[in-house]
Amino acid sequence: MANKSVLFKVKRQATPTSEPYWEEFELAWRPGLNVISLFMDIAENPVTREGKPTTPINYDSNCLEEVCGSCAMLINGKARMACSALVDNLEQPLTIEPFSKFPVIRDLQVDRSVLFENLKAIKAWIPIDGTYALGEGPRVLPQVQEQAYELSTCMSCCCCMEACPQFNESTGFVGAATIAQARLFNMHPTGKVLKDERLKALMGDGGIQECAYAQNCVEICPKDIPLTKSISDVGGDVMKKAILDFFRT
Amino acid sequence: MVSTAQSARNTASKGVAPLRAGTGKSFLLRRLHSLTGIVPVGLFLLEHFISNSEAINGVAAYNSQVKLLTGLPFRLWLEIFGIFLPLAFHGIYGVYIWWRGENNVIDYPWTGNWYYTVQRYTGLIVFAYVTYHIWYMRFAGVHLVDHYDAAFWKVQNELSHPLALGVYVVGVIAASWHFGYGVFLFAAKWGIVTGDKAQKRAQLAGIALSVLLVIIGLISIYSFVAKFPKQQRNPAWDQPAESAAPAEQSRAIPHSIPSSRAR
């Protein structure tokens, strides 16, 4: 078909406090379109399907190759990266919404700083700062490197949190990504020095205990990070610590 | 970034709070909820299914199982600390957990998410069913602690009502599922079974346990309803504990109530 078109609607919101509204768009189809390229076309000529002039759609994006984690949004009701969402693989009309569990800043751009706060709370880093050179760190076994690598591919997109039934304002659950990062840094021979503090942090309100194993995180993760395994793994470490603390402190 | 003044005005999207590192009691309560589901509530459930399946062997076998259980030393303490309190905690805290979950199985209709949803709703069903079941079997009507020999009759009489039968079938299926899948959840959350393949196996094992319990439960119900003849109510069972003689003698000793002689 020569004049195939792409039909989609976007849930928009001008400011963090204003009411959201829907706008419908129709664009000419061309091969290889993804959701971000739809937005780029709209920015070039911002008119709705009815021909009404509008503003370009606001959204986060950066790498456009599914490694930066910026352009996560709800596409046809599911959390995913807009850059890797190919229009030809999606049912039309496309429904595009911002994440539902994060405060909207404008249109599809949301405030995901809760993940940054969570990563700080579990000390998701390897402490190497000091007043003098400590020399080379301990060697990391290749088997450990392999396990650590897949965890290190987390791009903070927050899809696992958006799709989690336990991640909500009532539980304040920390989410799978943070727990997987705790596992990553606990695995590192130098990072291990903070292991106890990380596990203790994860025992706080909103911690690992709020996981109820719906397993949406591992299904939705665009990087295929073994999130449920990480939660069980760290869950075991947390239990060991809790039991040891009970008998030895 | 949203300023605090703005977020305060917009209550609809204030967002999820970050981790409250190292504070609060929810870890203890949540893990206690998980533990009580296995011990003692789950263990009691297994005992209960096995004891009730004595009904397969007939009226006398069932009643003598009830005699054994009601005659255990420290029965009241076992009931309070082994059953009532842990069950109440697991149930009440479970309702709180259900209330805080934001079910999204319509948007994400994956198997694990279905199991998550089913675990929540079977929990609610079982809590309502068990509350009724305990009230009726333990506290209402003929008191089985005083009259163990009324046990088979009491269950059979209850199940003769079609609505009650339906409630019991639903209750047995919901309790079996909730426990069987709960064993898998316990193993996953406590870090006993961690790997993907191992968790698949554990999940299957949990579901197999559920199915086994459903089969045992339904056979037991069938034994009450259809396998054995209808039992008659013994008027001696209406006597309270203090005045009634020990249950096995109650039929031999003449009673002041004429109807007890008439039978």
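This is a walk through a predicted model, beginning with chain A, moving on to chain B and ending where the two chains meet.

Let's start with the overall build of chain A. Its C-alpha atoms fill a box of roughly 70 × 40 × 35 Å along the principal axes. Chain A holds eight helices and seven strands, and 45% of its 249 residues count as buried. If you like contact maps, here is a useful figure: among contacts in chain A with a separation of 6 or more, 63% join residues 24 or more positions apart.

Chain A is divided into two domains, with domain 1 covering 5-110 and domain 2 covering 113-248. Taken over C-alpha atoms, the centres of these two domains are separated by 31 Å. Where they touch, domain 1 of chain A brings 13 residues and domain 2 of chain A brings twelve. On the domain 1 side, β4(A) gives the most, with three residues. That same side of domain 1 divides into seven nonpolar, three polar and three charged residues.

Strand β4(A) also leads us to the sheet. Chain A has an open sheet of five strands in the order β2-β1-β5-β3-β4, and the pairing is mixed. The edges are formed by β2 (21-28) and β4 (78-81) of chain A, each of which pairs on one side only. From one strand to the next, the twist averages 35°. As a general reminder, strands of a sheet pair through backbone hydrogen bonds, either parallel or antiparallel. For a concrete case, take β3 (residues 72-75) and β5 (residues 94-97) of chain A, which pair in the antiparallel sense over two bridges. There, A:Leu74 stands opposite A:Glu97 in β5(A). What lies across the strands β1, β2, β3 and β5 of chain A? Helix α1 (residues 35-44) of chain A does, running at about 90° to β2(A).

Now for chain B, where a helix pair makes a good first stop. Two packed helices are described by the angle between their axes and the distance between the axes. Helix α7 (residues 151-159) of chain B packs against α9(B) at an angle of about 85°, with the axes 9 Å apart. Because angles of 65 to 115 degrees count as roughly perpendicular, α7(B) is roughly perpendicular to α9(B). Helix α7(B) makes the contact with B:Val155, B:Gln156 and B:Leu159, while α9(B) uses B:Ile221, B:Phe224 and B:Val225. These residues divide into five nonpolar, one polar and no charged.

Next, look at B:Val105, which sits in the loop between α5 (75-100) and α6 of chain B. Why does B:Val105 count as partly exposed? The reason is its 17 C-beta neighbours inside 10 Å, since a residue is buried at 20 or more and exposed at 12 or fewer. Leaving aside residues up to four places away in sequence, B:Val105 touches B:Asn113, B:Trp114 and B:Thr117. By contrast, B:Leu87 is 18 residues from B:Val105 along the chain, and their C-alpha atoms are separated by 28 Å.

Finally, the two chains come together. Their contact takes 43 residues from chain B and 49 residues from chain A. On the chain B side, the elements that give two or more residues are α1 (4-9), α2 (26-38), α6 (111-139), α8 (162-189) and α9 (196-227). The largest share of that side, four residues, comes from α2(B). Sorted by type, the chain B side divides into 15 nonpolar, 18 polar and ten charged residues.

Conventions. Residues numbered from 1 in each chain as written. Chains lettered and ligands numbered in written order. Predicted model: local features only at pLDDT ≥ 70, side-chain atom pairs only at ≥ 80, totals over all residues. Contact = placed C-beta atoms within 7 Å. Nonpolar A, V, L, I, M, F, W, Y, C, P; charged D, E, K, R; others polar. Pairing = 2+ DSSP bridges. Axes fitted to C-alpha atoms, helices over the stretch in contact; angles between N-to-C directions. Domains from an automatic or database assignment. Parallel < 35°, antiparallel > 145°, perpendicular 65-115°, else oblique.
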